[in-house]
Amino acid sequence: MGEKVLMKGNEAIAEAAIRAGCLHYFGYPITPQTEIAAYMAKRMPKVGGVFLQAESEIAAINMVLGVAAAGKRVMTSSSSPGVSLKSEGMSYISGSDVPALVVNVQRGGPGLGGIQPSQSDYFQAVKGGSHGDYKRIVLAPASVQEMASLTTKAFDLADKYSILTMILADGTMGQMMEPVELETTEPVKYEKPWATTGTKMQRKHNIVNSLYLKPEELEKKNFERFAKYKTIEENEVMYEEYLMDDAEICVVSFGITSRVAKNAIVEARAKGIKVGMIRPITLWPFPTEVLNKAADKCKAFISVEMNMGQMIEDVKLAIECKKPVHLCCRVGGMIPSPEEVLAKIEEVNEGGER
Amino acid sequence: MENKRVTLFAGHYGSGKTNIAVNYALHLKEKYEKVVITDLDIVNPYFRTADSLEELTKAGIKLISSEFANSNVDLPALPQDVYSILDDRSAVAILDIGGDDRGAYALGRYETAIREENDYEMLFVFNMYRPLTPDAGSALEVMKEIETAGKIKFTAIVNNSNLGALTTKEDVIASVKSADELSHLSGLPIKMTTVSENLANSFNGEIDNIFPLKLQKKIV
């Protein structure tokens, strides 16, 4: 790691991507992620890479599929409505089993919504959003430093498993400025014998495609893919535990809301309430096991999110109804305050809420 | 610290212009009856001078900003009453320009009036800890791009080199060399070195013209 620089979250993603060897960026501007494109536009020509502002999000994601098929590191970025437009292309990428990175710096929705931060694309990111049976690795950074380090990680995981990875951030994470130490080591190189790089008349040509007209073949392909997903679930779960050793209440929160929750937890601890937090860093694969274990010790869970309650469903599934799970949320571009989270912790601690 | 009737703050993206402009307005208000600050940022709809509306109003400083600022309407609109600060010469005016050359295009529309009056300072805000301006050479490049787009030449430099809330005294001192080099390359003086208020007292004359920043924008 090198010198510290002061960066916006969006810039940190862009710079980390370039340092990870991503020399192909295709995008279309949308607030609050436009700095990624602006940064790429400035830097790519200087590092011999390609920045291209496509005619639409749909065009951009299909350009990503093209470069991914050629075996090169590639990414696109957008914010919520733009990611919806990319959904078809993302399914094609999943169906073609090629590695690529899509960044979603979320804003309030549905529809055009607003430009202020939100986490309301959780379902879209981890449950579907595109058509077909597929999973994608979803990483949720909670600092500008993680915007950079998880971008590096996302490219490595994408190449390692030939899978679509996603950074799920939000407007606050994209816009806030913090000191960052950037990666200075050479990116890890992965063999991609399937890449369509030209046969030079020396091998059989490679085909990257998601079309399988024979149902037996398509079923086999899906089974293979889900075997791969199982390996990922077993090996790539990432989470942070905070003051969980003696915790009776477990807060679950990711991204920007986990920072708000941390402040609230410190205040609650000062009041003698035994509360901790499990912060999922990978939203898929979800940290099911650690949550399930926590349910044996804790009396209640609180899911803090900037949506009407989306991750809370995964928390409930993870703990198999062992304990009640409460929701603490703000939506539409509003961020919960530490006071609001603290009030919820106190309420749950007193057994007030159902 | 001497000042002109009109002070313009421009610089690279995320260099800290808005924060300094707001603090400078509060500083000038101690000397002048009538102080006006204008938000000409058409680049970033997220962080605006209007975020500090309460403090500015309380201090009796007039804020001119786009009617769309902070309304979340993502429109690159300019406030209609900018010309009033150029016509009303009884007021001391501060202009907060958007980042990079893209932000400075908005300035091109007012430069004739500003130059005709010829009572202005055009300040380049420099933070060597930002990734695209790590040294004097890259900052000079941005400086020239802004001058071309905004059609006004810089008259001095503000060294705002910082790492946010984690800035140490040493970080600031380490930036002096780059700032001096930029001063040398551009032929412009360093008007001030800005540091957060809690750091300002820790210096013992290592740096000239320290300007403490009282208000800091803070999110989670």
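**Exercise 1. Determine which residue of β4(B) stands opposite B:Leu40, and describe the strand pairing around it.**

Step 1. In this predicted model, B:Leu40 faces B:Ile97 of β4(B). Strands here are DSSP runs of E with at least two residues, helices are runs of H or I with at least four, and both are numbered from the N terminus.

Step 2. Six bridges link β2(B) to strand β4 (residues 92-97) of chain B in the parallel sense; two strands count as paired if DSSP finds at least two bridges between them.

Step 3. β2(B) also pairs in the parallel sense with strand β3 (residues 62-64) of chain B, over three bridges. There, B:Thr38 stands opposite B:Ile64.

Step 4. As to exposure, six of the six residues of β2 (residues 35-40) of chain B are buried. Buried means under 20% relative accessible area, exposed over 50%, and partly exposed in between, with a 1.4 Å probe and protein chains only. One side carries B:Val35, B:Ile37 and B:Asp39, the other B:Val36, B:Thr38 and B:Leu40.

The numbering of residues starts from 1 along each chain as its sequence is written, and chains are lettered from A and ligands numbered from 1 in the order in which they are written. Local features need pLDDT of at least 70, side-chain atom pairs count only at pLDDT 80 or more, and totals for chains, interfaces and linings use all residues, while side-chain values use heavy atoms, with hydrogens and water left out.

**Exercise 2. Establish the strand order of the sheet in chain B and its edges.**

Step 1. The order is β3-β2-β4-β1-β5-β6-β7-β8 (chain B), an open sheet of eight strands with parallel pairing.

Step 2. β3 and β8 (210-213) of chain B are the edge strands, each pairing on one side only.

Step 3. On average, neighbouring strands are turned by 25° against each other, direction ignored; axes are lines fitted to C-alpha atoms, for helices over the stretch in contact, and angles run from 0 to 180 degrees between N-to-C directions.

Step 4. Helix α6 (residues 136-150) of chain B packs on this sheet, touching β1 (6-11), β5 (120-126) and β6 (156-159) of chain B. Contact means heavy atoms within 4.5 Å. The direction of α6 makes about 140° with that of β5(B).

Step 5. At the β8 edge, four bridges join β7 (residues 190-196) of chain B to β8(B) in parallel, and B:Val195 has B:Pro212 as its bridge partner.

**Exercise 3. Locate A:Lys189 and state whether it is buried or exposed.**

Step 1. A:Lys189 belongs to the loop between β8 (177-181) and α8 (215-235) of chain A.

Step 2. With a relative accessible area of 74%, A:Lys189 is exposed.
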